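Here is a short report for a reader new to this structure. Please look at the sequence and the model first, then read on.

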Amino acid sequence: KEVQATDCAFAAILADGSVVAWGNGDYGGNSSAVQDQLTRNVQQLQATEGAFAAILSDGSLVAWGVGRFGGDISGVNEDLASL
């Protein structure tokens with residue numbers, strides 16, 4: 001359905017709404033820390049040079065990759081609870 005890329009990794013939304021990522025693990029190619037959240041109905045995927053963000057069907061946001069490139073949303077998670 002959709003493919004996005006950081007500088008060194010790719011992530012794709014599959015037909016079932018799940019996400020698969022590959023490439024350099026530091027730049028988002030390893031989504032194992034959030035993979036359990038990426039099996040739901042992912043609606044949209046965005047990328048920066050080193051991180052990915054996925055919007056889920058319930059309006060929540062999941063991010064992974066390099067923290068300084070947006071991969072760490074822990075400081076704003078409450079603000080992003082429902083997009």
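## Strands 4 and 5

Strand 4 and strand 5 run antiparallel and are paired through five bridges. The link between strand 4 and strand 5 is a hairpin of three residues. The model is a predicted one.

Two of the facing positions can be named. Glutamine 44 has isoleucine 55 in strand 5 as its bridge partner. Alanine 47 lies opposite phenylalanine 52, again in strand 5.

## Strands 5 and 6

Strand 5 covers residues 51–56. With strand 6, strand 5 forms an antiparallel pair that holds five bridges. Phenylalanine 52 has tryptophan 64 in strand 6 as its bridge partner. Alanine 51 faces glycine 65, also in strand 6.

A hairpin belongs to this pair as well. In the hairpin of strand 5 and strand 6, four residues lie between the strands. Glycine 59 takes a positive phi there, near 90 degrees.

Phenylalanine 52 thus appears on both sides of strand 5: alanine 47 stands opposite it, and tryptophan 64 is its bridge partner in strand 6.

## The sheet 4-5-6

These pairs build an open sheet. The sheet has three strands, in the order 4-5-6, with antiparallel pairing. Its edge strands are strand 4, residues 42–47, and strand 6, residues 61–65. Each edge strand pairs on one side only. On average, neighbouring strands of this sheet are turned by 20 degrees against each other, with direction ignored.

How many residues of strand 6 are buried? Four of its five residues are, and strand 6 is mostly covered.

## The sheet 1-2-3

Another open sheet of three strands has the order 1-2-3, and its pairing is antiparallel. Here the edge strands are strand 1, residues 2–5, and strand 3. Each of them pairs on one side only. From one strand to the next, the twist averages 15 degrees.

Strand 1 and strand 2 run antiparallel and are joined by four bridges. One contact there can be named: alanine 5 has phenylalanine 10 in strand 2 as its bridge partner.

## The nonpolar core

Which elements give two or more residues to the largest nonpolar core? First, the core itself. The largest nonpolar core has 14 residues. Those with the most contacts inside it are Ala11, Val19, Leu38, Val42 and Trp64. The elements that give two or more residues are strand 2 (9–13), strand 3 (19–23), strand 4, strand 5 and strand 6.

Trp64 links two parts of this picture. Tryptophan 64 is the bridge partner of phenylalanine 52, and Trp64 is among the residues with the most contacts inside the core.

## Buried positions in strands 2 and 3

Is isoleucine 13 buried or exposed? Isoleucine 13 sits in strand 2. Its relative accessibility is 2%, so isoleucine 13 counts as buried. From C-alpha to C-alpha, isoleucine 13 and valine 62 are 13 Å apart in space, and 49 residues separate them in sequence.

Alanine 21 belongs to strand 3. Alanine 21 counts as buried because its relative accessibility is 15%, and the cut-off for buried is under 20%. Between alanine 21 and leucine 38, the C-alpha distance is 10 Å, with the two residues 17 apart in sequence. Leu38 is one of the core residues with the most contacts.

## A nonpolar patch on the surface

Which residues make a nonpolar patch on the surface? Val3, Phe10, Leu14, Val20 and Trp22 do, and the patch spans about 430 Å².

Phenylalanine 10 is placed in strand 2. Why does phenylalanine 10 count as partly exposed? Its relative accessibility is 40%, which means a value between the cut-offs of 20% for buried and 50% for exposed. Phenylalanine 10 is also the bridge partner of alanine 5.

Technical notes:
Residues numbered from 1 in each chain as written. Predicted model: local features only at pLDDT ≥ 70, side-chain atom pairs only at ≥ 80, totals over all residues. Heavy atoms only, no water. Pairing = 2+ DSSP bridges. Axes fitted to C-alpha atoms, helices over the stretch in contact; angles between N-to-C directions. Core = buried A, V, L, I, M, F, W, Y, C linked by side-chain atoms within 4.5 Å. Buried < 20%, exposed > 50% of the residue type's maximum accessible area, 1.4 Å probe, protein only. Patch = residues over 30% accessible without salt bridge, like charges linked within 9 Å, V, L, I, M, F, W, Y side chains within 5 Å. Areas by Shrake-Rupley, 256 points an atom, 1.4 Å probe, with all protein chains shown as cover. Salt bridge = Lys/Arg side-chain N within 4 Å of Asp/Glu carboxyl O.
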